[in-house]
Amino acid sequence: MMGSGDAGGYTSVGGSTPQTPRHVQELPSVIYKVGIYGWRKRCLYLLVLLLLCTVIINFALTIWILRVMDFSLNGMGRLRISSSGIRLEGKAEFLRTVYATEVSSRLGEALALHSTNNISLSARNGGGNVTGRLHIGSHDITSHNERFLIYDTKDKLLLYADENEVRIGTEAFTFTGSEGVVMEGPLETGDISALPGDSLRLQSLTSSISIAAQEGMDLSGGTGNLYMSCLGDMKLSTTQGQIVLTSPDVRIPGLPLSDSGSSSRAGVYDVCVCESGRLFLSPPSVGCVSTVLCDET
């Protein structure tokens, strides 16, 4: 069955055949371009070119720095990094604090530390507190620690110092100062001797000297003389023992002469002792009689 109609200008056959327009209306064609064109494209190319130049310059500078600083897998320049630590070949200048567990020189060379101001070495404990400090300034060397020890190459103690005592472990302790040694406190020693050919002098200019020993005391001059002098009194005392003067020639010059009015023509006098223990001389013809000398004591 075929039918026709004017509505819409379409013809259908049997009602199932697609409709075919009799007159096709032509529409205007619109084309959309996808992409970047014109000045935007030129700006993009220019930006890419600048980025490429920047990357090339950075890469060239990185290569130059690596060559100048001598970077390698083992370190930088004269600085070498190994499993045992850091090794520096040559001189180094540190602008800030240096923390290290050990600083040593190369084999066969000396280690020198220089500073325009001062050098400070500090040791810290696990809590970060300073336990020891050594300060080397332009005019002094200061050490802060609980103990100060000096050993020789054979691990023999040469000097020990703490807040209670100072010990010197050398066989001889020699002072070369022209003014001698000044002791503000007591001195405990087993032997005080002068150098061969020199004299030993113990003196106190404004106070006194006290020498004490628990068992015994020996003051001797092996090949020379022994002098003891003072401005005031000199006392020799013992609590249980004796005072013995052993010599083929014992002299006590300067003893006063009794005021008996007579004298000895032969120059021989009797040595008299007052009750107080004072000694004086008396002519043999007068004998030891009570005089004013004993009353003065």
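The protein chain of this predicted model holds two helices and 14 strands. Of its 297 residues, 6% count as buried. The chain exposes about 28,100 Å², and carbon and sulfur atoms supply 54% of that area. When contacts between residues at least 6 apart in sequence are taken, 10% of them join residues at least 24 apart.

**Sheet S7-S8-S9**

Strands S7, S8 and S9 form an open sheet of three strands in that order, with antiparallel pairing. The edges are S7 and S9, each of which pairs on one side only. On average, neighbouring strands of this sheet are turned by 5° against each other when direction is ignored.

Within the sheet, S8 covers residues 130-136 and S9 covers residues 141-144; four bridges join these two antiparallel strands. S8 and S9 make a hairpin, with four residues between them. Ile-136 stands opposite Ile-141 of S9, and His-135 stands opposite Thr-142 of S9.

**Sheet S10-S11-S12**

Another open sheet of three strands has the order S10-S11-S12, and its pairing is antiparallel. Its edge strands are S10 and S12 (166-168), each paired on one side only. Neighbouring strands here are turned by 5° against each other on average, direction ignored.

S10 and S11 run antiparallel and are joined by four bridges. Ile-150 has Leu-159 of S11 as its bridge partner. Which residue takes a positive phi in the hairpin of S10 and S11? In this hairpin, with five residues between the strands, that residue is Asp-155, and its phi is near 60°. Asp-155 is not a glycine, yet its phi is positive. The residue sits in the loop that runs from S10 (148-151) to S11 (157-161). Asp-155 counts as exposed because its relative accessibility is 64%, above the 50% cut-off.

**Strand S14 and the loop after it**

Ser-282 belongs to strand S14, which spans residues 279-282. Is Ser-282 buried or exposed? Its relative accessible area is 1%, so Ser-282 is buried; the limit for that class is under 20%. Apart from neighbours within four places in sequence, Ser-282 is in contact with Leu-257, Ser-258, Tyr-269, Asp-270, Cys-272, Gly-287 and Cys-288.

Val-289 lies in the loop between S14 and helix H2 (292-296). With a relative accessible area of 39%, Val-289 is partly exposed. Val-289 and Cys-274 are 15 residues apart in sequence, and their C-alpha atoms are 9.4 Å apart in space.

The accessibility values of the three residues described above are set out here.

| Residue | Relative accessible area | Class |
|---|---|---|
| Asp-155 | 64% | exposed |
| Ser-282 | 1% | buried |
| Val-289 | 39% | partly exposed |

**The second largest pocket**

Rolling a probe the size of a water molecule over the atoms shows where empty space is left. The second largest pocket encloses about 2,200 Å³ of space. It is lined by 38 residues, of which Phe-94, Val-98, Val-103, Leu-111 and Leu-113 are the closest to its centre. Strands S5 (79-82), S6 (85-88) and S7 (119-124) are the elements that give two or more residues to the lining.

Which element supplies the largest share of this lining? That element is S7, with five residues. S7 is also an edge strand of the sheet S7-S8-S9, and this strand therefore appears in two parts of the description, as a sheet edge and as a contributor to the pocket lining.

Terms used: Residues are numbered from 1 along each chain as its sequence is written. This is a predicted model: local features need pLDDT of at least 70, side-chain atom pairs count only at pLDDT 80 or more; totals for chains, interfaces and linings use all residues. Side-chain values use heavy atoms; hydrogens and water are left out. Buried means under 20% relative accessible area, exposed over 50%, partly exposed in between (1.4 Å probe, protein chains only). Contact means heavy atoms within 4.5 Å. Accessible areas come from the Shrake-Rupley method with a 1.4 Å probe; for residues, only the protein chains shown count as cover. Two strands pair if DSSP finds at least two bridges between them. Axes are lines fitted to C-alpha atoms, for helices over the stretch in contact, and angles run from 0 to 180 degrees between N-to-C directions. On a 1 Å grid over the protein atoms alone, a cavity is a set of points where a 1.4 Å probe fits but cannot get out, and a pocket is an open set with protein on both sides within 12 Å along at least five of seven lines; lining residues have an atom within 4 Å of a point. Grid points are joined across faces, edges and corners, and a volume is the space filled by probe spheres set on the points.
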